[in-house]
Amino acid sequence: MQVQDVMTEATITESATDTLRSAAGLMWRNQTGSLLIMDDGRLAGIITERDLLRAVALGADPGTATVDEAMTTEVFTVPPDMPLRDAAREMAARWIRHLPVVDDDRVRGVVSMRDVTGIFAALVPGSVSVEHE
């Protein structure tokens, strides 16, 4: 099984100058734990729910602090044809929960720890059922 078999559509924002509150609202409306930040069609960064929590815990005002103040700019990405087990190992080794899937500098989707866990749970013999919202 490859990353492209389980990846989902990425939630993207074109503005790194959006407020943290705006980013949190977009995440909430899309029921996702991350946003990819694009600049001129290229991946410029990622902001996750943990990034938002850290920024607020350190004193950032969600109404005035901006995404570019809290986002990660050195984003680890994976290709769509990477074996899922390899992507899962990278996520575990790097302590990350969201991996942008990129092919030829184009964002194809994102794979999350939730996606990986659901697939591996479904592969376990027995009566495990996996529901996705």
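**Exercise 1. Which helix is E49 found in?** Then work out how exposed E49 is and how it relates to L84.

Before we start: this is a predicted model, where local features need pLDDT of at least 70, side-chain atom pairs count only at pLDDT 80 or more, and totals for chains, interfaces and linings use all residues. Residues are numbered from 1 along each chain as its sequence is written, and side-chain values use heavy atoms, with hydrogens and water left out.

*Solution.*
- Step 1: E49 is found in helix 2. Helices here are DSSP runs of H or I with at least four residues, strands are runs of E with at least two, and both are numbered from the N terminus.
- Step 2: E49 has a relative accessible area of 34%. Buried means under 20%, exposed over 50%, and partly exposed in between, using a 1.4 Å probe and protein chains only. So E49 comes out as partly exposed.
- Step 3: go C-alpha to C-alpha from E49 to L84, and you cover 23 Å in space for 35 residues in sequence.

**Exercise 2. Describe the overall fold and dimensions of the chain.**

*Solution.*
- Step 1: tally up the secondary structure, and you get five helices and five strands.
- Step 2: put them in sequence order, and the pattern reads β-α-β-β-α-α-α-β-β-α.
- Step 3: the radius of gyration is 15 Å, close to the 14 Å from the globule rule for 133 residues, so the chain is as compact as a globular protein of that length. That radius is taken over C-alpha atoms, and the rule is 2.2 Å times the number of residues to the power 0.38.
- Step 4: the C-alpha trace spans about 50 × 35 × 25 Å along its principal axes.
- Step 5: 35% of the 133 residues count as buried. One of the buried residues is A10, at 13% relative accessibility, in the segment before strand 1 (12–13). The C-alpha atoms of A10 and V101 are 8.8 Å apart, with their positions 91 residues apart along the chain.

**Exercise 3. What lines the second largest pocket?**

*Solution.*
- Step 1: fix the term. On a 1 Å grid over the protein atoms alone, a pocket is an open set of points with protein on both sides within 12 Å along at least five of seven lines, and lining residues have an atom within 4 Å of a point.
- Step 2: the lining has 16 residues, with I46, T48, T72, I96 and H98 nearest the centre.
- Step 3: strand 3 (42–48), helix 2 (49–57) and strand 4 (98–103) each supply at least two of the lining residues. Helix 2 gives the largest share, four residues.
- Step 4: sort by class, and you find six nonpolar, three polar and seven charged residues. Asp, Glu, Lys and Arg count as charged; Ala, Val, Leu, Ile, Met, Phe, Trp, Tyr, Cys and Pro as nonpolar; the others, Gly among them, as polar.

**Exercise 4. Check the backbone at D40 and D105.**

*Solution.*
- Step 1: recall the background. Most residues other than glycine have a negative phi.
- Step 2: D40 has a positive phi, near 55°. D40 sits in the loop between strand 2 (34–39) and strand 3, and counts as exposed at 78% relative accessibility.
- Step 3: D105 also has a positive phi, about 65°, without being a glycine. D105 lies in the loop between strand 4 and strand 5 (106–112) and is partly exposed, at 49%.

Technical notes. 1 Å grid on protein atoms, 1.4 Å probe; cavity = no way out; pocket = protein on both sides within 12 Å on 5 of 7 lines; lining within 4 Å.
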